[in-house]
Structure formats: C-alpha cells, structure tokens
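Please explain how the strands of this model are arranged and how its aromatic side chains are placed among them.

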Amino acid sequence: IVKHAERKTVSQNAYFHKLIDILRLEMNCSFTRMKNEMVASYGAILSDELVMLTVAPDVIREWERPHVKYVSSETVTDKYGVKIEGHWYRLYKNVQDMTTYEMAKLITGTVQECENLGLDVITPDEKAYLEELLKGNKDA
C-alpha cells in the first residue's frame, strides 16, 4: 500500500504568498528574495545532496527557482584550468510540490517571522488550524 500525500491547498498557497508580501514590504526587499529566504528557512528539503553552482548567493536569492540555501564557497578549477568560485547550496522543494504538512510548517515559520517583527498576521482560528495540520501525519 502506497500512502498518498495530500498536496497543499489553494488557500495555503494564497495565505503564504500574502505573508511573503507583508514581510517583503516590512523588510524592503523583493517578493522573490523574501520567498526564497522563507522557503530556505522553513521549507522542505528536496535532497540531502548539495549542489555546486557558480552563481553568487546574492544573485541566486533573486531567482524564482531553484529555492536554495547557501552553505559554503570554494575555489575550483574548471576543465580549461581556469580557477572559478563555486558555491555549495542545499535545494528545497518548490512551493507547488509541497504537501499540506510541509506547507503548514512553511506557513508557521513565516508567521513566526512576521510576529518577530511585530506584525499581526494570523487569527486564533488560523493558528489552531495550522497546529492541527502539524499534529497530523508528516505525509499528509
């Protein structure tokens, strides 16, 4: 028997993006950068393997995809003998591929970031709903 993991709901997606918009306005940064920071902080890891890219951390944070978290840098030699700066990143799932549980974790972390800045973004009913999702099965 293969257990089916429920995909995130449209309302979860809309709420997450609303939170990102509130945070990015408060932090004075782009929507994409804020979304990447929240996914890299609270999202679901795609793979335990790291990937090396030559794109600098400040540049890749502004890309819509992939969602990544910078780990470290090192100088490597390419196949032509040229030394280049490589950056190791951890990959995270795209938001549309997350389960309801993974989205609940992402939203809960994002709400916490808002609360840390003194932004009131969640009602008691919404908080209770998220807590119920988090109590459920991690595959839900």
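**An aromatic pair between two strands**

In this predicted model, the structure holds one aromatic pair. Its members are tyrosine 70 and tyrosine 89, whose rings meet edge-to-face, with 6.1 Å from centre to centre and 70 degrees between the planes. The planes count as edge-to-face because their angle is over 60 degrees. The pair links distant parts of the chain: tyrosine 70 belongs to strand 2 (residues 67-77) and tyrosine 89 to strand 3 (residues 83-92), 19 residues apart.

Are the two tyrosines buried or exposed? Tyrosine 70 has a relative accessible area of 35% and is therefore partly exposed. Tyrosine 89 has a relative accessibility of 0%, so this residue counts as buried; the cut-off for burial is under 20%.

The strands that carry the two rings are themselves paired. Strand 2 and strand 3 run antiparallel and are joined by 10 bridges. Within this pairing, serine 73 stands opposite histidine 87 in strand 3. The two strands form a hairpin, with five residues between them. In the turn, glycine 81 has a positive phi of about 85 degrees.

Strand 3 also has a second partner to consider. Strand 1 (residues 45-53) pairs with strand 3 in the antiparallel sense, over five bridges. Here isoleucine 45 stands opposite tyrosine 92 in strand 3. Strand 3 thus pairs with strand 1 and with strand 2, and this strand also contains tyrosine 89 of the aromatic pair.

Key:
Residues numbered from 1 in each chain as written. Predicted model: local features only at pLDDT ≥ 70, side-chain atom pairs only at ≥ 80, totals over all residues. Heavy atoms only, no water. Phe/Tyr/Trp six-rings, centres within 6.5 Å; stacked < 30°, edge-to-face > 60°. Helix = DSSP H or I, 4+ residues; strand = E, 2+ residues; numbered from the N terminus. Buried < 20%, exposed > 50% of the residue type's maximum accessible area, 1.4 Å probe, protein only. Pairing = 2+ DSSP bridges.
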